[in-house]
Amino acid sequence: MAMAQKSRANVRLPPEVNRVLFVRNLPFKITTEDLYDLFGKYGSIRQIRVGTAADTKGTAFVVYEDIFDAKAACDHLSGFNIMGRYLIVLYYSTMKATKKKDLDQKEAEIIQMRADLAADE
């Protein structure tokens, strides 16, 4: 076990790899327990959050304790067939989430500017 930890310390991971996985294309009937069983095979899990709203249904966030466990799960479960659906497992990126938020904000500013220009004329 100590040897495995030592060899892990020397491994260099790509920058997009992190402990949080974003899972898409989940069956709507899947339970949190099913996800713990499936993703728990690759390491200890800190948290799983399943989307329940209309626009987040079929998605989940899986947070692992260790980054290497998250990498193993992402490598092995991406494309995995569960209940007739193929999972899409990605590393969560805060940059992508904030980018969408910034884009929405800029779009609102443009609409406001257009409204101001139309009012001036």
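Modeller: Contact means heavy atoms within 4.5 Å. This is a predicted model: local features need pLDDT of at least 70, side-chain atom pairs count only at pLDDT 80 or more, and totals for chains, interfaces and linings use all residues. Residues are numbered from 1 along each chain as its sequence is written, and side-chain values use heavy atoms, with hydrogens and water left out.

Colleague: Which residues of helix 3 does Leu-21 touch, among Phe-39, Ala-70, Ala-73, Cys-74 and Val-89?
Modeller: Helices (H or I, at least four residues) and strands (E, at least two) are DSSP runs, numbered from the N terminus. Helix 3 spans residues 67-77. The contacts of Leu-21, leaving out residues up to four places away in sequence, include Ala-70, Ala-73 and Cys-74.

Colleague: What order do the strands take in the open sheet?
Modeller: Two strands pair if DSSP finds at least two bridges between them. The pairing in this sheet of four strands is antiparallel. Its order is 2-3-1-6.

Colleague: Which strands stand at the edges?
Modeller: Each edge strand has a single partner strand, so one side of it is left without a neighbour in the sheet. The edge places go to strand 2 and strand 6.

Colleague: What is the average twist from one strand to the next?
Modeller: Axes are lines fitted to C-alpha atoms, for helices over the stretch in contact, and angles run from 0 to 180 degrees between N-to-C directions. From one strand to the next, the twist averages 20°.

Colleague: What angle does helix 2 make with strand 2?
Modeller: Helix 2 packs on the sheet. It touches strand 1, strand 2 and strand 3. Its direction and that of strand 2 make about 140°.

Colleague: And which strands does helix 3 touch?
Modeller: Helix 3 also packs on the sheet, and its direction makes about 150° with that of strand 6. The strands in contact with helix 3 are strand 1, strand 3 and strand 6.

Colleague: How many bridges join strand 2 and strand 3?
Modeller: Strand 3 pairs antiparallel with strand 1 over four bridges. Val-23 has Ala-60 as its bridge partner there. Ile-48 has Val-62 as its partner in strand 3. Between strand 2 and strand 3, also antiparallel, the number of bridges is five.

Colleague: How many of the five residues of strand 3 are buried?
Modeller: Buried means under 20% relative accessible area, exposed over 50%, and partly exposed in between (1.4 Å probe, protein chains only). Strand 3 is largely enclosed by the rest of the structure, because its buried residues number four.

Colleague: Which element supplies the largest share of the largest nonpolar core?
Modeller: A nonpolar core is a set of buried Ala, Val, Leu, Ile, Met, Phe, Trp, Tyr and Cys residues joined through side-chain atoms within 4.5 Å. The largest one has 21 residues, with the most contacts inside it at Leu-21, Phe-39, Val-62 and Tyr-64. Strand 1, helix 2, strand 2, strand 3, helix 3 and strand 6 each supply at least two residues. The largest share, four residues, comes from helix 3.

Colleague: Why does the pair of Phe-22 and Phe-61 count as tilted?
Modeller: Rings of Phe, Tyr and Trp (its six-membered ring) pair if their centres lie within 6.5 Å; planes under 30 degrees apart count as stacked, over 60 as edge-to-face and the rest as tilted. The structure holds two aromatic pairs. In this one the centres are 5.1 Å apart, and the pair is tilted because its planes stand at 40°.

Colleague: How far apart in sequence are Phe-22 and Phe-61?
Modeller: Phe-22 lies in strand 1 and Phe-61 in strand 3. The pair links distant parts of the chain, with a separation of 39 residues.

Colleague: Which residue pairs edge-to-face with Phe-61?
Modeller: Phe-61 is partly exposed, at 30% relative accessibility. The second pair has ring centres 5.3 Å apart and planes at 85°, so it is edge-to-face. Phe-61 and its partner are 31 residues apart in sequence. With Phe-22 they form one aromatic cluster, and the partner is Tyr-92.

Colleague: Where is Asn-25, which has a positive phi?
Modeller: Most residues other than glycine have a negative phi. Phi of Asn-25 is near 65°. Asn-25 is partly exposed, with a relative accessible area of 26%. Its place is the loop between strand 1 and helix 2.
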